[in-house]
Amino acid sequence: MNTAWRYAFLSLVRRSPQHQDHQALHAACLQWSHCMEILERQLQTTGGYVAGPHFSLADIPIGLSVNRWLETPYDRPSLPAVDDYYQRLKERPGFRRYGANGTP
């Protein structure tokens with residue numbers, strides 16, 4: 001997932017002058033959305049977290065990527081399972097503090 005969001009994040013959030021090619025940005029946003037749609041399907045299958053019904057080590061890096069996804073300003077597809085997953089993660093004090101930028 002990191003490769004997919006890298007260009008979009010550097011362009012839209014960091015506003016890197018080297019990452020302002022509109023075609024590359026569009027392609028990166030499409031790829032990032034595709035990766036998030038894969039996560040959406042996985043969460044629909046597991047009904048809870050990335051690897052199953054319970055929180056696991058897999059949820060730490062994916063949760064950080066979901067936070068980045070939600071905080072990056074671009075038109076994202078609606079992914080209800082990802083939104084629900086993020087809300088579950090935010091119930092965890094450690095995630096609220098470190099993974100959700102300290103926001104409730």
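In this predicted model, the sulfur of C29 is 12 Å from the closest cysteine sulfur, which belongs to C35, and this separation is too far for a bond. The criterion for a disulfide is a pair of cysteine sulfur atoms within 2.5 Å. The same pair appears when the matter is taken from the other side: C35 takes part in no disulfide, and the nearest cysteine sulfur, 12 Å away, is that of C29. A search of the whole structure accordingly returns zero disulfides. C29 counts as buried because its relative accessibility is 12%, and C35 is likewise buried, with a relative accessible area of 16%. The cut-off that applies to both is a relative accessible area under 20%.

Both cysteines are listed among the buried residues of helix α2, and this helix is a suitable place from which to view the remainder of the model. Helix α2 comprises 25 residues, from 22 to 46. At 1.5 Å a residue it should span 36 Å, and its end C-alpha atoms are 36 Å apart, so the expected and computed lengths agree. Besides C29 and C35, the buried set in α2 consists of L25, A28, W32, S33, M36, L39, E40, L43 and T46. These buried residues pack against three helices, namely α1 (2-12), α3 (59-71) and α4 (80-89).

The N-terminal end of α2 is capped by D21, which places a side-chain oxygen 3.0 Å from the backbone nitrogen of Q23. D21 itself lies in the loop between α1 and α2. With a relative accessibility of 41%, D21 counts as partly exposed. The capping residue is separated from S78 by 57 residues along the chain, and the C-alpha atoms of D21 and S78 are 25 Å apart.

The loop that holds D21 also contains R15, located between α1 and α2. The phi of R15 is positive, near 55°, although R15 is not a glycine. Most residues other than glycine have a negative phi. R15 is exposed, since its relative accessible area is 62% and the threshold for exposure is over 50%.

On the other side of this loop, helix α1 has A4, W5, Y7, A8, F9, S11 and L12 as buried residues. The buried residues of α1 pack against α2 and α3. Contact with α1 is also found from the side of α2, whose buried residues pack against α1 as well as against α3 and α4.

The pairing of α2 with α4 can be described in geometric terms. Two packed helices are described by the angle between their axes and the distance between the axes. The axes of α2 and α4 come within 8 Å and cross at roughly 75°. The two helices are therefore roughly perpendicular to each other, given that angles of 65 to 115 degrees fall in that class. At this crossing, M36, L39, E40, L43 and Q44 in α2 meet P80, A81, V82 and Y85 in α4. Of the α2 residues in this group, M36, L39, E40 and L43 are among those listed as buried.

The C-terminal end of α2 leads into a further set of contacts. T46 is found in helix α2 and counts as buried, with a relative accessibility of 18%. Leaving aside residues up to four places away in sequence, T46 touches A51, G52 and P53. The helix is followed by G47, whose phi is positive, near 75°.

Beyond the helix, the loop between α2 and α3 includes H54. H54 counts as exposed because its relative accessibility is 61%. With residues up to four places away in sequence excluded, H54 touches Y49 and D59.

Y49 also connects this part of the chain with helix α4, in which R88 lies. R88 touches G48, Y49 and A81, again not counting residues up to four places away in sequence. R88 and Y49 are 39 residues apart along the chain, and their C-alpha atoms are separated by 8.7 Å. At 23% relative accessibility, R88 counts as partly exposed. One of the contacts of R88, A81, is also among the α4 residues that meet α2.

Technical notes. Residues are numbered from 1 along each chain as its sequence is written. This is a predicted model: local features need pLDDT of at least 70, side-chain atom pairs count only at pLDDT 80 or more; totals for chains, interfaces and linings use all residues. Side-chain values use heavy atoms; hydrogens and water are left out. Helices (H or I, at least four residues) and strands (E, at least two) are DSSP runs, numbered from the N terminus. The expected span of a helix is 1.5 Å times one less than its number of residues. Buried means under 20% relative accessible area, exposed over 50%, partly exposed in between (1.4 Å probe, protein chains only). Contact means heavy atoms within 4.5 Å. A polar contact is a pair of N or O atoms within 3.5 Å; within protein, one must be able to donate a hydrogen and the other to accept it, and residues adjacent in sequence count only if both atoms are side-chain atoms. Axes are lines fitted to C-alpha atoms, for helices over the stretch in contact, and angles run from 0 to 180 degrees between N-to-C directions. Angles under 35 degrees count as roughly parallel, over 145 as roughly antiparallel, 65 to 115 as roughly perpendicular and the rest as oblique.
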